[in-house]
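User: Please look at the model below and work through a few questions on its surface and overall form.

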Amino acid sequence: MYKISELYDLDHTLAKDYLAKFEYPWQALSGIKDLILELGKNLGEDYVEVKERGKEGRDT
C-alpha cells in the first residue's frame with residue numbers, strides 16, 4: 001500500500017497541512033470536499049474556472 005509521502009511531494013500543494021494528517025490517501029477522502037471548498041475561497045485572480053462540458057458526441 002502506498003503512503004501519501006510516497007506518492008506526493010507535499011511541499012508543492014495547498015493541501016499540505018491537510019494531507020500531512022494522514023498516512024494513506026484514502027484516509028483523506030472523507031474531508032476532501034470541504035478542503036476543496038475552503039481552498040477555493042483563496043485562489044488567486046489568475047484562477048480560471050473550468051465549466052462542465054456538454055454531452056456532445058456521446059451516444060451518437
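User: Which residues make the nonpolar surface patch of about 580 Å²?
Analyst: This is a predicted model, and the patch is described on that basis. Its area comes to about 580 Å². The residues that make this nonpolar patch are Met1, Trp26, Leu29, Ile32 and Ile36.

User: Is Met1 buried or exposed?
Analyst: Met1, one of the residues of the nonpolar patch, is placed in the segment before α1 (4-7). Because exposed means over 50% relative accessible area and Met1 has 80% relative accessibility, Met1 counts as exposed.

User: What pattern does the chain follow along the sequence?
Analyst: The chain has three helices and zero strands. Read from one end of the sequence to the other, the pattern is therefore written with helices alone, as the helix and strand assignment defines them. That pattern is α-α-α.

User: What radius of gyration does the chain have, set against a compact globule of 60 residues?
Analyst: The C-alpha trace spans about 45 × 35 × 20 Å along the principal axes of the chain. For a compact globule of 60 residues, the radius of gyration would be near 10 Å, but for the chain the value is 16 Å.

User: What percentage of the 60 residues in the chain is buried?
Analyst: The accessible surface of the chain comes to about 5,800 Å², and 52% of that surface belongs to carbon and sulfur atoms. With buried taken as under 20% relative accessible area, the buried share of the 60 residues is 15%.

Terms used:
Residues numbered from 1 in each chain as written. Predicted model: local features only at pLDDT ≥ 70, side-chain atom pairs only at ≥ 80, totals over all residues. Heavy atoms only, no water. Helix = DSSP H or I, 4+ residues; strand = E, 2+ residues; numbered from the N terminus. Rg over C-alpha atoms; globule rule 2.2 N^0.38 Å. Buried < 20%, exposed > 50% of the residue type's maximum accessible area, 1.4 Å probe, protein only. Areas by Shrake-Rupley, 256 points an atom, 1.4 Å probe, with all protein chains shown as cover. Patch = residues over 30% accessible without salt bridge, like charges linked within 9 Å, V, L, I, M, F, W, Y side chains within 5 Å. Salt bridge = Lys/Arg side-chain N within 4 Å of Asp/Glu carboxyl O.
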